[in-house]
Amino acid sequence: MMKSLKQKGTAVFLVLLIGMVLAVGAVNAQENIKESGIGEEIAVSNPEINMSLKPVFDLTAEQATVLTEKGIIKYYPDGTRVINLYEALKEIKGNQSLTISDIEAEIKSGEYRHAYMRTVWPQTYNYRGHKVYVKIPANVNLNPQTSFNLYNTHMVLPSGKFFESGVGWFNSWGLTGLHIYTYDNYTCDMYSKAIPSGTSRDIFLRVLSIYQYGQNRGYMWAEDPQSGQILNTFTIIDGLDHKVDETQEQHSSSQVWTSTPQAKHHDNIIKNQNNQWVNWNSAIPTFFWGKLSNETNTWDRE
C-alpha cells in the first residue's frame, strides 16, 4: 500500500459540493434507467447540478521536468506516478500565494459535463463504501481540446471534501492515454498507472471509509485485472458517513467535447452505516442522470 502525502496547511481548494438533490431526484435507478427521457427531465428540473471538481490544467514537457525536480511529481519503480495538483497549479501559475478563491475561479462548472448516479436525501450521507465494476470501451479517442474522459466513484462529505477511484483517458496534468487512478482533495495527490487500451473489459473500483489506528481513513482501490495493474492508496479523512457519486466525467476548457462509446457500470455494492454491503439497485434513494450531452447517451448500468 502506498500512502498519500499529507500537505500540512493546505486548505481544501476545490469547488464545494453545494446543496442537496430534492424530491425530484429521488428516483430508483433500476426502475428508470431504461426509460427514455428520464435523464433529460431530471436535468431540466435541476439546472444547477453541482459536483465535486478537480482543477484541470495542462503541462508542457519542460514544466513536467521542473515539477519532477521539485518533487511535485514523483515516480515509483512499479510504474505509479503521483502529482500534487494544488502544488503543481501554484507552480505553473508562478504564484505561490494562490488562494482557494483564486483556484475556484479557475474551475468553471460549465467546463465539466457529467453522467452520474448519486445517493440522495434523506439518506445522502449514510454510506461508508462503494464497490463497482466498470466495463470500459476499447478506446476513447480524445479530442486534443478535451482534457479527460473518466469513469469513477466518489465518497463525498457535506463539506464537499471527497476521495475517489477511477479509470479513464487523459490529456491533462502531463498524462496521456488510459490510466487507473486515485485522488483525494485532502492531500491533493493524484496517483496513476498507465494501462493498455484496445480491449473492452472490466475495471474494478472501490472506495471505503473506516476508523482504523485511531484515525478516520479513506481507502481507494483501482484495478485492471487484464494487465495486473493495481493502485491501493489511503488518506486521512474527517468523517465516516458519506454520499456516494458514481460518474462519467469530461472536462474541456474550450467547450470541445469527445463523443464516447458506452460504458457499463455493474455489480454496484454499497456499504451502509451498519457496515453491511447491499446492492445499490435495491430501494436506495438515488438521483440518476444518464446523459453526458444532449446528443450521446454514453453511460449505463447493468
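In the predicted model, the side chain of Glu246 is in polar contact with that of His265, at 3.0 Å. A second polar contact, of 3.5 Å, links the Glu246 side chain to the side chain of Asn268. Glu246 belongs to strand E13, which spans residues 243–251. The relative accessible area of Glu246 is 0%, and the residue is therefore classed as buried.

Aromatic contacts were searched for across the whole structure, and 7 aromatic pairs were found. Phe170 and Trp173 make up a tilted pair, with a centre-to-centre distance of 5.8 Å and an angle of 55° between the planes. The angle falls short of the edge-to-face class, because that class requires planes over 60 degrees apart. Both partners, Phe170 and Trp173, are buried. These two residues also take part in an aromatic cluster together with Phe148 and Tyr181.

Trp173 is further marked by its backbone, since phi is near 60°, a positive value in a residue other than glycine. The residue is placed in the loop between strand E7 (162–172) and strand E8 (175–184). Its relative accessibility is 0%, so Trp173 counts as buried. Tyr213 likewise has a positive phi without being glycine, with a value near 55°. Tyr213 is found in the loop that lies between strand E10 (201–212) and strand E11 (215–224). With a relative accessibility of 64%, however, Tyr213 is exposed, because the limit for that class is over 50%. Thus a positive phi in a loop between two strands occurs at a buried residue, Trp173, and at an exposed one, Tyr213.

Two charged side chains are positioned over tryptophan rings. Lys131 lies over the face of Trp277, 4.3 Å from the ring centre. The charged end of Arg206 sits over the ring of Trp221, and the distance to the centre of that ring is 4.9 Å.

Helix H4 comprises residues 85–93. The N-terminal end of H4 is capped by Asn84, a side-chain oxygen of which lies 3.2 Å from the backbone nitrogen of Tyr86. Tyr86 is itself buried, as are Leu85, Glu87, Ala88, Leu89 and Lys90 of this helix. Just after H4, Gly94 adopts a positive phi of about 65°.

Methods: Residues numbered from 1 in each chain as written. Predicted model: local features only at pLDDT ≥ 70, side-chain atom pairs only at ≥ 80, totals over all residues. Heavy atoms only, no water. Helix = DSSP H or I, 4+ residues; strand = E, 2+ residues; numbered from the N terminus. Buried < 20%, exposed > 50% of the residue type's maximum accessible area, 1.4 Å probe, protein only. Polar contact = N/O pair within 3.5 Å; in protein donor to acceptor, adjacent residues only side chain to side chain. Phe/Tyr/Trp six-rings, centres within 6.5 Å; stacked < 30°, edge-to-face > 60°. Lys NZ or Arg CZ within 6 Å of the ring centre and 35° of its normal.
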